[in-house]
Amino acid sequence: MTDVRVRFAPSPTGYLHIGGLRTALFNYLYARHTGGTMILRIEDTDRTRFVEGALENLLKALSWAKVEIDEGVMLDESGKVTERGEYGPYIQSDRVKAGIYNKYIEKLIEEDKAYYCFCSQERIDKVRDQQKADGLTPKYDGLCRSIPLEEAKKRIANGEEYTVRLKLPKNREISFVDRIKGKITFNTDDMDDQVLIKRDGFPTYHFAVVVDDHLMKITHVVRGDEWISSTPKHVYLYEAFGWDAPEYIHLPTVLNENHKKYSKRNGDGMVEDFIEEGYLPEGLINFLALLGWSPDSEEEIFSIEELAKQFDFDRVNKTGAVFDKRKLDWVNGHYVREMSVEDLAKAIKPFMEKSGLVDENYSDENYKLLAETWQSAIDKFSDAPKLSKNYYLEDSEVCYDDEAKEILKEEDSKKLIDAYLAKLDEVSEIDADFAKTIMKKIQKETGIKGKNLWFPIRAAITGSVHGPDLSNVMLLMGKDKINNRLKFVKENF
């Protein structure tokens, strides 16, 4: 059996999209499952879409997600972009400079499988507009297909601008077998004579991807199913060159909650956004692996190593998978709950500081207490300031929920607040002993028990009758904060 070689080949057009990360992940898992090689190639021949810094962002996102690159473009130990492997360069613009594509396009032209096209973009646009008006599929009308090669070369020598187009045979069916979707057939009459070399001399995706995949000995092309309609052109190019085509695996689309494509253009799902929200790489990867793929078990929590052991394309769905953020939160929350309190305290620190609720002088002891208090409820690190904000806000800024407001209107609530304030006057600061015993003492003095005892005090201090261990909250807020909060509630409810 030929050694498996898969590649993730993104364009550096911005931050890595979550759909791109899933494609990279599925390539990686299959490589690890089969003992194959994971290659990263950068396809940057469309210079109009190139974004400065995008390559570095892409590599950092893959590194954060623990998707390891065996060959191709990667970051070295110092964080600089480098390459490793015997089939480089692995950046297409560098391959253009090296002249790698020249002999292959010349071969197609000389064998009458491609041709020079001198049509202006203005003419092409007019032709396509007319085709649309006539209810036809817009495509190039083949005006330059019949220009003799010698004439075309003279026109080029005279300085005319040109592109090179693929010369598809007329009325011929091209079929390929997709690992997920089965046999797929297109007729060439429904296809365009695709541009292979652009006016700027750069190869298009459709040409470069075939040449590069062949030269890099790619055995399996794993990509999104938006590329299915382009695959017949690639299959024909393999045939034209006399090369064996790789196996094709087109992954189902990632959908948003409205069952539309979860895409960059809709502002959905950049990996950088998930990092900034405080998701763990283990949580996001676990979730993405289950987005369109199902294991041979009822389990839902997997390490990346466990995923690789089970992963196979035979269990990938044929239809699109909805990106359910609630499910992501559930999966990620599992990993948060497995963290030590110390590690969680360190993880939430930058999110708390960024929120402005605390500053850089907030103590490590309080961070640990905050982590311990909310660990069971935090699904991602950005939840920490949202869950705890009422502890730190000015009293007038605290949001009291409707249930808390109703309880604080009751007479017993006033009695309990007065009892608490009296106990506060007896101590210089709230310590662990005070926090653990205060409610029992108030119960003895007032005779109020159960939720009738706890709900009003919790509502007054935190703005809600529900929440974590109240003794921890008391320690986090301290005497002065709670004293002021209770007096504010007395005056305003």
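What radius of gyration does the protein have, and what would a compact globule of 493 residues have? The protein has 31 Å, whereas a compact globule with that number of residues would have a value near 23 Å. Colleagues, please keep in mind from the outset that this is a predicted model.

Let me continue with the overall dimensions. Along its principal axes, the C-alpha trace spans about 105 × 50 × 40 Å. The protein contains 20 helices and 13 strands. Of its 493 residues, 52% are buried. Consider next the contacts between residues at least 6 apart in sequence: 73% of these join residues at least 24 apart.

The surface and the charges deserve a brief word. The accessible surface amounts to about 24100 Å², and carbon and sulfur atoms account for 46% of that area. The protein carries 72 positive and 89 negative charges, and the mean positions of the two sets lie 3 Å apart.

I now turn to one helix, α17, which covers residues 411-424. Its 14 residues, at 1.5 Å a residue, should span 20 Å, and the C-alpha atoms at its ends are indeed 20 Å apart, so expectation and model agree. Which residues of α17 are buried? They are S413, L416, I417, A419, Y420, L421, K423 and L424. These buried residues pack against four helices, namely α16 (402-408), α18 (432-446), α19 (450-462) and α20 (470-492).

One residue of α20 illustrates this packing. N483 is found in helix α20. Its relative accessible area is 13%, under the 20% limit, and N483 is therefore buried. Beyond its neighbours within four places in sequence, N483 is in contact with L421 and L424. Both L421 and L424 are among the buried residues of α17.

Just after this helix we come to D425, which sits in the loop between α17 and α18. Is D425 buried or exposed? Its relative accessibility is 61%, and because exposed means over 50%, D425 counts as exposed. To give a sense of distance across the model, D425 and V51 are 374 residues apart along the chain, and their C-alpha atoms are separated by 62 Å.

A second helix, α15, comprises residues 383-392 and is mostly covered, with 7 of its 10 residues buried. The buried ones are D383, A384, P385, S388, N390, Y391 and Y392. Their cover includes α13 (341-355), α14 (364-374), α19 and α20. Helices α19 and α20 thus appear again, as they also pack against the buried residues of α17.

Finally, I would draw your attention to the backbone at three loops. Where does the model place a cis peptide bond? It joins G88 and P89, with omega at about 0°. P89 lies in the loop between β4 (81-84) and α3 (92-97).

The other two loops each hold a residue with positive phi. K66 has a phi of about 65° although it is not a glycine. Its place is in the loop between α2 (54-64) and β3 (71-75). With a relative accessible area of 42%, K66 is partly exposed, because that value falls between the 20% and 50% limits. K217, likewise not a glycine, has a positive phi near 60°. K217 is located in the loop between α7 (205-215) and β10 (220-224).

To close, I return to the opening question: the radius of gyration is 31 Å, against a value near 23 Å for a compact globule of 493 residues. Thank you for your attention.

Terms used: Residues are numbered from 1 along each chain as its sequence is written. This is a predicted model: local features need pLDDT of at least 70, side-chain atom pairs count only at pLDDT 80 or more; totals for chains, interfaces and linings use all residues. Side-chain values use heavy atoms; hydrogens and water are left out. The radius of gyration is taken over C-alpha atoms; the globule rule is 2.2 Å times the number of residues to the power 0.38. Buried means under 20% relative accessible area, exposed over 50%, partly exposed in between (1.4 Å probe, protein chains only). Contact means heavy atoms within 4.5 Å. Accessible areas come from the Shrake-Rupley method with a 1.4 Å probe; for residues, only the protein chains shown count as cover. Lys and Arg count as positive and Asp and Glu as negative; His and the chain ends are not counted. The place of a charge is taken as NZ of Lys, CZ of Arg, CG of Asp or CD of Glu. The expected span of a helix is 1.5 Å times one less than its number of residues.
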